[in-house]
Amino acid sequence: MDVVLLLGANVRHHRKLKGMSQEQLALEADMERSYVSDLERGTRNPSVRALGRLADALGVAPHELLLSI
């Protein structure tokens, strides 16, 4: 699986497990909601720094966002 698509699927998975909306995740990660949406659809390739902010906001280790579900 493409790593960008895998990341997007994992972000969506963990976000939904936490009961967060894209808007809530975006606020917690200091990002735009549209950027989170693009990430979840696999149309954006985030930086390592963005990966870290997403992981922090979701309460997971960054590597967990790159593991196969």
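**Notes on a four-helix chain**

1. Let's start with the third helix: the buried residues of α3 pack against α1, α2 and α4. The ones in question are Y35, V36, S37, D38, L39 and E40. "Buried" here means under 20% relative accessible area, with exposed over 50% and partly exposed in between (1.4 Å probe, protein chains only). Packing is judged by contact, that is, heavy atoms within 4.5 Å. Just past the end of α3, G42 has a positive phi of about 80 degrees.

2. A word on what we're looking at. This is a predicted model, in which local features need pLDDT of at least 70 and side-chain atom pairs count only at pLDDT 80 or more, while totals for chains, interfaces and linings use all residues. Residues are numbered from 1 along each chain as its sequence is written, and side-chain values use heavy atoms, with hydrogens and water left out.

3. Overall layout. The chain has four helices and zero strands, so the run from the N terminus reads simply α-α-α-α, given that helices (H or I, at least four residues) and strands (E, at least two) are DSSP runs numbered from the N terminus. The C-alpha trace spans about 30 × 20 × 20 Å along its principal axes. For 69 residues a compact globule would have a radius of gyration near 11 Å, and the 10 Å of this chain agrees with that; the radius is taken over C-alpha atoms, and the globule rule is 2.2 Å times the number of residues to the power 0.38.

4. Some bulk figures. Of the 69 residues, 42% count as buried. If you take the contacts between residues at least 6 apart in sequence, 59% of them join residues at least 24 apart. The chain exposes about 4200 Å², and carbon and sulfur atoms supply 50% of that (Shrake-Rupley method, 1.4 Å probe; for residues, only the protein chains shown count as cover).

5. The core. The largest nonpolar core holds 18 residues, and the members touching the most others are V11, L25, M31, L54, L58 and L65. Helices α1 (3-17), α2 (22-29), α3 (33-41) and α4 (48-58) are the elements that give two or more residues to this core, with α4 giving the most, six residues. By the definition used, a nonpolar core is a set of buried Ala, Val, Leu, Ile, Met, Phe, Trp, Tyr and Cys residues joined through side-chain atoms within 4.5 Å. As background, nonpolar side chains tend to be buried together in soluble globular proteins.

6. Helix α2 has a clear inside and outside. Q22, L25, A26 and A29 are buried, and down the helix axis the buried residues of α2 fall within an arc of 100 degrees, so they line one face (the arc is that of the directions from the helix axis to the C-beta atoms). On the other side, L27 and E28 are exposed. The buried residues of α2 pack against α1, α3 and α4.

7. L25 deserves a look of its own. This α2 residue is buried, with a relative accessible area of 0%. Not counting residues up to four places away in sequence, L25 touches V11, R15, M20, V36, L54, A57 and L58. If you want a distance to check, the C-alpha atoms of L25 and E40, 15 residues apart along the chain, are separated by 12 Å.

8. Two α1 residues to inspect: H14 and R15. R15 is buried, at 8% relative accessible area, and a polar atom of the R15 side chain lies 2.9 Å from the backbone oxygen of M20. Leaving aside neighbours within four places in sequence, R15 is in contact with M20, S21, Q22, L25, E40 and L58. H14 is buried too, with a relative accessible area of 14%. On the same basis of leaving out residues up to four places away, H14 touches L58, V60, E64 and L65.

9. Last, the spot I'd look at in the backbone. Which residue follows α2 with a positive phi? That is D30, in the loop between α2 and α3, with a phi of about 55 degrees although D30 is not a glycine. For context, most residues other than glycine have a negative phi. D30 is exposed, with a relative accessible area of 64%.

How values were computed. Polar contact = N/O pair within 3.5 Å; in protein donor to acceptor, adjacent residues only side chain to side chain.
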